[in-house]
Amino acid sequence: MFKFFTNTKWAIWAWPGSILILSSIWFQVKIDVRINEWFGEFYDLIQKALSAPNSITISEYWASLLSFITLAGIAVAVAVAISFFTNHFLFRWRTAMVEWYHSVYDKARTIEGASQRVQEDTIKFSRIMESLGTSFIASVLIIFEFTPILFGLSVGIPIYFFGDWQYGLITGALIWSIGGTLFLVILGLILKLVGVEYDLQKQEAAYRKILVIAEDDGTVRPKKLEELFNDVRQIHFLSYLRYLYFGIASNAYGQANVLSAYIFLAPAIVAGVVTLGVMQQIIRAFGRVESSMQYLLRAWPTIIELLSVYKRLREFEKMIEVKIEEDKMESSSE
């Protein structure tokens, strides 16, 4: 699965490509920091304009909007360009995987679900690994960049439950994020979401295989097809039920997230000790830090899918390795 990074053939894509993608993430986080500063300046400008007629000029207003358009334009350009490059990067990763599978396919083809492992799981694995990896790096960089900003903005501001303690907002975000994440991770383990995803793919593979056989073999009984599809139906219905429970909990927690920053800032807002611009900066920075701390929570459904794909591919590769060793033993005995 990771031959893309160990094979010298792909070194020029694997390592420089990874560095380029990570550098673009850092640059986009920097742009996000600047946009956060813009929000503070813009809303203070709005507050000033609304508090007294003609206190700002129309040119100041347009200049502020132009500043945002410039920042947003840069962000969009970088995101589009790096997305195009990432597509090529991922296809090379997939190619590195399937080249090895192709080289041993005379042994792999007899393994249950071989075609699905090579064709479908390889592209899933490369995409999910890239998605989780880049989002994890982005979360770390966001915490690194926005935490000092949140510290600076919250100094001297009363925070609900924590009072005037300067670390109140960060501590509140940490407690809320880690507590919610642990709750949903434990719920996912109780519901055995990884196991049900693995079983789902296994039953789908068995059903697909008999359909392929039935294309060329007219003796395949319809009853066998129905039996296999019934297994597929049962595992799908089980997954729907378990994901329903998980969805209720995760969506309820997600909606509560909307109010978390406002709850912590309640004393400061009621006392009127922050301007509209500062409040917007704090809420946006708090949201960024809180969301990054909830990386595991946000990525949990994708992590479940990755673990399932990894389990299937690792099992597939072990079977291939066993067949290779058996062939070697047979050759040496001859």
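What share of the 334 residues in the chain is buried? In this predicted model, buried residues make up 41% of the chain.

**Figure 1. The whole chain, a fold with eleven helices and zero strands.** Read along the sequence, the elements follow the pattern α-α-α-α-α-α-α-α-α-α-α. The C-alpha atoms fill a box of roughly 90 × 45 × 35 Å along the principal axes. The radius of gyration is 27 Å, whereas a compact globule of 334 residues would have one near 20 Å.

**Figure 2. Contacts and surface of the chain.** Among contacts with a separation of 6 or more, 80% join residues that lie 24 or more positions apart in the sequence. The chain exposes about 18,600 Å². Carbon and sulfur atoms supply 66% of that exposed area.

**Figure 3. A nonpolar surface patch of about 750 Å².** The residues that make this patch are Y160, F161, V258, L259, Y262, I263 and I269. Helix α8, which spans residues 222-264, contributes four residues, the largest share of the patch.

**Figure 4. F161, one of the residues of the nonpolar patch.** F161 sits in the loop between α5 (114-154) and α6 (168-190). Is F161 buried or exposed? F161 has a relative accessible area of 71%, so this residue is exposed; the cut-off for that word is over 50%. The patch itself takes in residues with over 30% relative accessible area and no salt bridge.

Technical notes
Residues numbered from 1 in each chain as written. Predicted model: local features only at pLDDT ≥ 70, side-chain atom pairs only at ≥ 80, totals over all residues. Heavy atoms only, no water. Patch = residues over 30% accessible without salt bridge, like charges linked within 9 Å, V, L, I, M, F, W, Y side chains within 5 Å. Areas by Shrake-Rupley, 256 points an atom, 1.4 Å probe, with all protein chains shown as cover. Salt bridge = Lys/Arg side-chain N within 4 Å of Asp/Glu carboxyl O. Helix = DSSP H or I, 4+ residues; strand = E, 2+ residues; numbered from the N terminus. Buried < 20%, exposed > 50% of the residue type's maximum accessible area, 1.4 Å probe, protein only. Rg over C-alpha atoms; globule rule 2.2 N^0.38 Å. Contact = heavy atoms within 4.5 Å.
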